[in-house]
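Visitor: Hello! I am new to this structure and would like to learn how to read it. Could you walk me through a few features?

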Amino acid sequence: MVRHVFVGGKGGVGKTTIAAAHAYNCAGDGLETLLVSTDPAHSVGDLFDQSFGDEPRSVEGVDGLSAMEIDPDEEVSRHLQEIRGKLSEQVSAAMVNEVDSQIEMAHGTPGAYEAALFDRFVTVMRDAEGYDRIVFDTSPTGGTLRLLSLPDHLEGWIDRLATKRRRSIDRYERAAIGDREPRRVLEGDPILAHLEDRKEFFEFAGDTLREDAAFVLVFNPDSLSIRETERTIDRLEEQDLTVHGLVANRLTPEPEPHEEGRGARYLRDRVETERKRLETARERLSPPILGTVESRVAEIRGDRLADVASDLDLGIERDDRR
Ligand SMILES: Nc1ncnc2c1ncn2[C@@H]1O[C@H](COP(=O)(O)OP(=O)(O)OP(=O)(O)O)[C@@H](O)[C@H]1O
Ligand SMILES: [Mg+2]
């Protein structure tokens with residue numbers, strides 16, 4: 001069964017909107033659904049006119065739907081704090097300051113931001129119980145895509161580190177003869193145990209993303225967006241992740257046949273251009289276009305979300321995987 005749905009696409013194409021609309025539909029179909037947002041700007045809070053936090057909270061007025069907002073900045077701080085705690089237990093007092101200053105530096109690196117968010121996603125996938133479907137409004141492009149390859153990279157890295165660690169413990173034991181030094185045994189070594197934990201965590205992440213997740217990409221009917229989508233599909237496939245389908249968002253509505261004048265002519269031309277672009281998208285991109293959503297006059301929130309949701313049927317069954 002597909003429990004996790006990731007809604008990707010480049011900035012501003014409508015990921016949060018489409019993720020929320022899909023989650024809304026899932027809840028309507030009787031699936032206990034959790035919507036996870038990482039977007040501090042256009043948050044699910046705005047969409048439902050309700051505030052959400054780091055833990056799932058029921059969406060008022062929508063049965064079976066809960067939502068949570070992950071604040072990427074807070075995640076980085078928490079993540080680094082955790083690392084600081086773990087390291088401080090394991091190094092000498094003299095090293096603690098050094099650890100602190102290294103961690104301060106790590107705070108500013110772009111990798112820290114992504115790593116922390118990814119950790120949080122995986123934790124939600126692993127620990128959020130009682131949901132039939134979890135919808136992430138995240139974007140598998142650029143940095144996030146690199147994160148998806150982390151399980152593989154890290155697995156090798158952790159294996160190598162663990163081997164080195166075993167070797168160094170071995171040497172340490174041989175050097176620390178007699179009772180001058182406490183003997184550290186491999187069994188129960190806290191650093192190795194931690195590395196093993198991390199490896200299992202990323203193994204779980206990789207398996208879940210490949211076997212129990214559907215990726216949906218949102219695009220707008222312009223050439224740039226279609227090219228971006230093509231690249232994203234390729235990059236996802238490099239990670240053995242199949243894109244379930246695409247959603248074309250913000251299509252121009254067609255005027256009624258009797259409508260004439262400059263505005264109507266503009267709209268007809270625009271509709272025709274977009275029709276050709278969608279044709280191109282169908283030819284060039286292997287995943288099917290599962291949904292098309294017209295442009296609304298105003299931003300999507302409140303009742304307009306239900307309206308968008310009624311345009312959208314992603315057809316991701318609970319046991320449907322491509
Ligand atoms: N079909 C639509 N008609 C009208 N407005 C839309 C439509 N889809 C999205 N919008 C509006 O466009 C803006 C951007 O949409 P949204 O926040 O969903 O994009 P996003 O891809 O999540 O953006 P970001 O990359 O910044 O996270 C929002 O104000 C949203 O209400
Ligand atoms: Mg968003």
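**A guided reading**

Guide: Gladly, and let us begin with a single residue: Arg120 counts as buried because its relative accessibility is 10%, and buried means under 20%. Please keep in mind that this is a predicted model.

Visitor: Where does Arg120 lie, and which residues is Arg120 in contact with, leaving aside its neighbours within four places in sequence?

Guide: Arg120 belongs to helix α5, which covers residues 110-127. Once the neighbours within four places in sequence are set aside, Arg120 is in contact with Asp54, Glu55, Met68, Ile70, Glu75 and Arg78.

Visitor: Now the wider view, please. How many helices and strands are there in the protein?

Guide: The protein has 11 helices and eight strands. Of its 322 residues, 45% are buried. Contacts can also be read by separation along the chain: among those with a separation of 6 or more, 74% are between residues 24 or more positions apart.

Visitor: How should I read a strand such as β1? Is β1 enclosed or open?

Guide: Look at how many of its residues are buried. In strand β1 (residues 4-8) that is five of the five, so the strand is largely enclosed by the rest of the structure. Then look at which way the residues point: His4, Phe6 and Gly8 point one way from β1, while Val5 and Val7 point the other way, and all are buried.

Visitor: Which strands do bridges join to β1?

Guide: Strand β5 (residues 133-136) is joined to β1 by three bridges, and the two run parallel. Strand β6 is joined to β1 by five bridges, again running parallel. Phe6 is a good residue to follow here: its bridge partner in β5 is Phe136, and its bridge partner in β6 is Phe215.

Visitor: And how do I read a helix?

Guide: A useful general idea is that an α-helix has 3.6 residues a turn, so residues three or four places apart point the same way. As a case, take helix α1 (residues 15-28), whose 14 residues reach 20 Å from the first C-alpha to the last, close to the 20 Å expected at 1.5 Å a residue. The helix α1 is mostly covered, with 12 of its 14 residues buried; among them are Lys15, Ile18, His22 and Cys26. After α1 comes Gly30, with a positive phi near 90°.

Visitor: Which residues other than glycine have a positive phi?

Guide: Two examples are worth finding. Asp49 has a phi near 55°; Asp49 sits in the loop between α2 (44-48) and β3 (57-58) and counts as exposed because its relative accessibility is 66%. Arg250 has a phi near 70°; Arg250 is in strand β7 (residues 243-251) and is partly exposed, with a relative accessible area of 47%.

Visitor: My last topic is empty space. How many cavities of 30 Å³ or more are there?

Guide: The count is two cavities of 30 Å³ or more. The second largest cavity holds about 50 Å³ of space. It is lined by 11 residues, and the closest to its centre are Gly9, Lys10, Val218, Glu228 and Thr229.

Visitor: Which element gives the most to the lining of the second largest cavity?

Guide: That is α9, with four residues. Both β6 (213-219) and α9 (223-238) supply at least two residues of this lining. Sorted by class, the lining of the second largest cavity has four nonpolar, five polar and two charged residues.

Key. Residues are numbered from 1 along each chain as its sequence is written. Chains are lettered from A and ligands numbered from 1 in the order in which they are written. This is a predicted model: local features need pLDDT of at least 70, side-chain atom pairs count only at pLDDT 80 or more; totals for chains, interfaces and linings use all residues. Side-chain values use heavy atoms; hydrogens and water are left out. On a 1 Å grid over the protein atoms alone, a cavity is a set of points where a 1.4 Å probe fits but cannot get out, and a pocket is an open set with protein on both sides within 12 Å along at least five of seven lines; lining residues have an atom within 4 Å of a point. Grid points are joined across faces, edges and corners, and a volume is the space filled by probe spheres set on the points. Ala, Val, Leu, Ile, Met, Phe, Trp, Tyr, Cys and Pro count as nonpolar, Asp, Glu, Lys and Arg as charged, and the others, Gly among them, as polar. Buried means under 20% relative accessible area, exposed over 50%, partly exposed in between (1.4 Å probe, protein chains only). Two strands pair if DSSP finds at least two bridges between them. The expected span of a helix is 1.5 Å times one less than its number of residues. Contact means heavy atoms within 4.5 Å.
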